[in-house]
2 protein chains.
Amino acid sequence: MAKIFHTLVSIEDALKIVKGKVPLKPLGEEYVDLFEAWGRILSRDMLSGIDSPPFDRSEVDGYAVLAADTFGAEEDNPVALTLIGSSEVGTMPDKGIVSGECMRIATGAPIPKGADSVVMIEYTKEVDKKVYVFRPVVPGENVSQAGSDYVIGDIFLRQGTLLTGREVASLAALGYSKAPVFKKPKVALFSSGNELVAPGKPLDPGKIYDANGPAIYSMIKECGCEPHFMGILPDTFEKIYHSLEMALNSHDIVITSGSTSAGLGDLMYKVLDSLGSPGVVVHGLKVKPGKPTIIAVVNGKLVFGLPGFPVSASMIFTVLVKPILMKMAGFDRVEFRKVNAIVPYKLSTGRGRRTLIPVSLIESGGKYIAYPTPGSSGTVSTLNYSEGFIDVPENVEFVEENEAVEVKLFSDKISIPDLAFIGSHCPAIDLLLSLFKDRCTAKIINIGSIGGLYAIKRREADICGTHLLDENRMEYNLPFMERFSLKDIAVLVKGYKRRQGIITLKDNPKNIFSVEDILKEGVQIVNRNKGSGTRTYFDYILKQIAERRNEDFSSLVKRIRGYTYEAKTHSAVALAVLQGRADVGIGLEYYARKYDLNFIPLVDEEYDFVILKDRLEKSHVKEFIKVLSSEEFKTKLSESFQGYYADSNTGKIIGS
Amino acid sequence: MAKIFHTLVSIEDALKIVKGKVPLKPLGEEYVDLFEAWGRILSRDMLSGIDSPPFDRSEVDGYAVLAADTFGAEEDNPVALTLIGSSEVGTMPDKGIVSGECMRIATGAPIPKGADSVVMIEYTKEVDKKVYVFRPVVPGENVSQAGSDYVIGDIFLRQGTLLTGREVASLAALGYSKAPVFKKPKVALFSSGNELVAPGKPLDPGKIYDANGPAIYSMIKECGCEPHFMGILPDTFEKIYHSLEMALNSHDIVITSGSTSAGLGDLMYKVLDSLGSPGVVVHGLKVKPGKPTIIAVVNGKLVFGLPGFPVSASMIFTVLVKPILMKMAGFDRVEFRKVNAIVPYKLSTGRGRRTLIPVSLIESGGKYIAYPTPGSSGTVSTLNYSEGFIDVPENVEFVEENEAVEVKLFSDKISIPDLAFIGSHCPAIDLLLSLFKDRCTAKIINIGSIGGLYAIKRREADICGTHLLDENRMEYNLPFMERFSLKDIAVLVKGYKRRQGIITLKDNPKNIFSVEDILKEGVQIVNRNKGSGTRTYFDYILKQIAERRNEDFSSLVKRIRGYTYEAKTHSAVALAVLQGRADVGIGLEYYARKYDLNFIPLVDEEYDFVILKDRLEKSHVKEFIKVLSSEEFKTKLSESFQGYYADSNTGKIIGS
């Protein structure tokens, strides 16, 4: 279990090392049908195969004439020409005209010999075999000359061009049915780790689902490469060795994720180093997270060992692997979709290591705020809530509050949310959003009531859900508008009542009927995180008990087993009780019922919404309030959320 | 050939009419494997299938302990714990710990019963069966609690979400192997018109290649739909009727392009109106171009008849069809990639009709300039040079110089060029760009030397190629820096000499040996466009002849047949002579040799480059000058470009 990382190198140096071993260029070309060419990259300059237009053709509907014949024509003094036939699209006219004659002609039809211009139909009148022309034309008018657009041999598209509808149109128009494009590099992908199970299969104890397989597969595709997922590898040398050896035979690049941490005794390092020459060229990146990344070169082919945590794997893929794959796919420049943002508070970094900080983007008054995503890099929500990440150089120790940063997005297609809901966790918000008329990409960050009020103060949240009790005024939420100096910038919108109480197992084996019973010997609790409304309420009750007992609050809580054991959501509290990790917790009746637990009511608290005043006109905020006030929401709330009560004030502004 | 358009309607009204007839919503859902889910759209809210993490797990490598056991541990006063085993990733430990004990644990491994925290390996020392802990931990430290991330039933992704790597990771991590997504609408696509030939087939006289088929196919794909190209239709009622009828049976939507102009006697209208009820619902849009657009509804399915010109078809597809297809594909919002730009000069519009103006985007000092693309909407280059278009409302008559506009791009993936070359046409520029180290997406617009100098003055061009002779000073280019007041803002960089002369057929049937011979009876010329350096030179010679003959210049040129017949490029001049459309033209020796024509030298002109001073530091401009000065360029120029001469000054700044 010793750490066997070799010298850590920077990403820049890693890229240099890679370039020195493997040429980062396309692996050849192939011809694809134009109908399949979208998104591919031209592998050579394209020369026009024809003259375009291929013949002199009319740009309008009208009559092909000799311009000289029309000189002097006027509205009340038309020139009369003899109509000798017509030129239709798709065939060359079988005769030409001479002075005094004209020929009917359609847009796109060939100009007959002898004619040098076309009079638009609007300025003519056809009577029997005569055409009266009311306006003169000059030679060349309304005529596209053969070759005036492109001639045979003109370069019209250049090597390296990404093909979209526009380029495909030009290729087709100039005679090509197929396009020469760079071959897509074939990338073999493995996930590795004894803990991994393929999604959809049963999850045995101690196992987790493999997220990296499908995720990195998608990211490889987005780089213009052809991914092949080859399965989940166990942590055994033999199996990994043989699978990678086989994959190297039929692919241009191999990528694995997982099994790279020092905890595994350098397993992946040993495999990659023994597959072929020169073996591992980079072992350990000077990046946080991402240290356990490995790069090997095996007989001229690149093998990457990415970290196992999805958010680390995605970030290292983006900064290290993506540029390499895109170069090999033929993109001459690697263009990340980036967003300019500011950071809401001072961030400390990995000191001496380049630091990648996953962030959640929130729109605020036309600017984006890059909110560091709460949660460890091992959690699913960290990736799920992050649109991208900040990339802080190794010589920077802090990113200052309000500093402008560039956020690298995880995908070109990622959507940036239009509503930011930050504050107390409440499952009814999901019901609320599901009733929106148009879909709303809401970002919901559960960091507790107090964190939410700070987010309003910093203008990061559009809406904050809060349920904080002022112990002196015995009033919910409104006093905190003043205490947080929010009165000028925000309003309080009435939400609903939620019943909170004591949650124990159904048969209540420790006989807990009040908060005081929690103090009994041998009772293990699960607490909520500081700053949450529920924690604030729990501490308020405990303070009252301490007062009654004439005991110091801090000495009282020291006697509570699990007081410092903090869950972040109501659901986790209920689950801790259900799974026997705690005997008791304080939480919503809704979750107690959901998990069929015992519930002793303590309080019907007021859960309200603080909304920034200048966001009240934002369409999704308007829709939020509209749905909150609606009968549909109130009905569904009482039907599906036990312990929840809306009333006629729900959705109304009750103060600021 | 009468015009039979019905009442023209606006695009907004057309969309309203369509919505009234066909619900613009997805056509159902299907399940796709996660590995194929990238780019698809979720058809329902996703609830977590598991608690995540599924068990309490370690976030670090270290030792699972009871936090209370570590209280008081210090660097020089470690706590000693008994090591009783280890917890590995992927399996539940077979025993728990009690006070005084610890267990080795790897990142991601389950926390053994009894333990409540993990000490990082960095703060421990293992000796025999004892572990010395040098730093205390608090309960819960380095532990991810079961369900703390998501619990069963939590909504983690919402209906309508576009799936990228990030979402696919969450789906996998929370137990899904397949994702419910909206079905892709099946779109049948036809091109129509007797003039059309499939690319790759021989091009008979009077025919052109079908560009719309592959182009609209690509655009349909980009809307998240499944296109099927069903072929090219001739302009006959029966054939179109039966093909469309068949396509409607097996597709959700049918799109045709071409055969919609009034010139065809309303053929497409008649077919679409007779296919089924209610038939044509929109015939004619109040949009320029795009008037001949048809929308029909046939037994609940939409049929679009788009204009035939590729640039018109692409613009109408973008503003009319794309929003409809995207809604039916499940995109709740239709997001165009747009770019803010300013227009370089006053533009007049379609007066009373919404006007779509294709534009070429040029970057200038961090801003984009939307340069109306030269050429008619029937030419290939118009689309090839346009990144998108300006959409001017019907009540706007003019877009003023420097007005800010929004440019709708033809594709999300379209690349905006990094070098703007505007000015005189020169085939050697292609050679120059092909020698760039990194690919440069250059925009080359050939509008002649004078137009190029104006483009420099308006700061639209990075580089202008010019070959203008000052008749008084008998000097090229430099005098024009002063005349155009460019001395302060631009420099002149030496290019090369190009030989121009008289081009005739190989056997010179009209016996033309000098410019004077062009004045002979029965000689037809092809001229160059006004503002081109070649035209300026030709007129200079003609003026000298007029002077010698004591004749008025304007009466002299009136005698020249074809004087007003203007070609825009050297290649088109050579081609006009080759194809017998003219007996003689003035042009580059290079093209005369290329087409094996007769060439009589007139002048070795100086072709130089005017470059904006503040663009000299732009990387692609630097590369341009570097390549221009290189021996490689000079060698290749003399090898492949007859009549071209570079010298030691080539690439040097020769004045401003």
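How many salt bridges does the count come to over all chains? The count comes to 70, where a salt bridge is a side-chain nitrogen of Lys or Arg within 4 Å of a carboxyl oxygen of Asp or Glu. This is a predicted model, in which local features need pLDDT of at least 70 and side-chain atom pairs count only at pLDDT 80 or more, while totals for chains, interfaces and linings use all residues. Residues are numbered from 1 along each chain as its sequence is written, chains are lettered from A and ligands numbered from 1 in the order in which they are written, and side-chain values use heavy atoms, with hydrogens and water left out.

**View 1. A buried salt bridge joins B:Asp391 to B:Arg354.** Here the closest N and O atoms of B:Asp391 and B:Arg354 sit 2.6 Å apart. B:Asp391 belongs to strand E26 (residues 388-392) and B:Arg354 to strand E24 (residues 354-364) of chain B, so the pair ties together parts that are 37 residues apart in sequence. Strands (E, at least two residues) and helices (H or I, at least four) are DSSP runs, numbered from the N terminus. Both partners are buried; that means under 20% relative accessible area, with exposed being over 50% and partly exposed in between (1.4 Å probe, protein chains only).

**View 2. B:Lys543 reaches B:Glu471 in another salt bridge.** The N to O distance for this one is 3.9 Å. B:Lys543 is in helix H12 (residues 533-549) of chain B, and B:Glu471 is in the loop between strand E32 (469-470) and strand E33 (475-476) of chain B, so the pair ties together parts that are 72 residues apart in sequence. Buried or partly exposed? B:Lys543 counts as partly exposed at 35% relative accessibility, and B:Glu471 is partly exposed too, at 33%.

**View 3. Here's helix H12(B) itself.** Its 17 residues should span 24 Å at 1.5 Å a residue, and the end C-alpha atoms are indeed 24 Å apart; the expected span is 1.5 Å times one less than the number of residues. Among the buried residues of H12(B) are B:Tyr537, B:Phe538, B:Tyr540, B:Ile541, B:Leu542 and B:Ile545. Right after the helix comes B:Asn550, with a positive phi near 60°.

**View 4. B:Arg559 pairs with B:Glu551.** The closest N and O atoms in this salt bridge are 2.9 Å apart. B:Arg559 is partly exposed at 45% relative accessibility, and B:Glu551 is partly exposed at 24%.

**View 5. Over in chain A, salt bridges link up into a network.** Its members are A:Arg459, A:Asp462, A:Asp614, A:Arg615 and A:Lys618.

**View 6. Six strands of chain B make an open sheet.** The order is E7-E4-E6-E5-E9-E8, with mixed pairing; two strands pair if DSSP finds at least two bridges between them. Strand E7 (117-120) and strand E8 (124-127) stand at the edges, each with a single partner strand, so one side of each is left without a neighbour in the sheet. On average, neighbouring strands are turned by 40° against each other, direction ignored (axes are lines fitted to C-alpha atoms, for helices over the stretch in contact, and angles run from 0 to 180 degrees between N-to-C directions). Within the sheet, strand E5 (residues 79-87) and strand E6 (residues 101-105) run parallel and are joined by four bridges. B:Thr82 stands opposite B:Glu101 in E6(B).

**View 7. A:Phe229 has contacts in both chains.** This residue lies in strand E16 (residues 226-233) of chain A and is partly exposed at 27% relative accessibility. Leaving aside neighbours within four places in sequence, its contacts (heavy atoms within 4.5 Å) include A:Leu189, A:Phe190, A:Tyr217 and, from chain B, B:Phe35. A:Phe229 and A:Ser191 are 38 residues apart in sequence, yet their C-alpha atoms are 8.6 Å apart in space.

**View 8. Chain A can be laid on chain B with an RMSD of 0.3 Å.** That takes a turn of 180° and a shift of 0.0 Å along the axis, with copies superposed by least squares on the C-alpha atoms of residues with pLDDT of at least 70 in both. The two copies are thus related as by a two-fold rotation axis. In chain A, the C-alpha nearest the axis belongs to A:Asp412, 4.8 Å from it. Of the interface residues of chain A, 99% are also interface residues in chain B, so the copies meet through the same surface.
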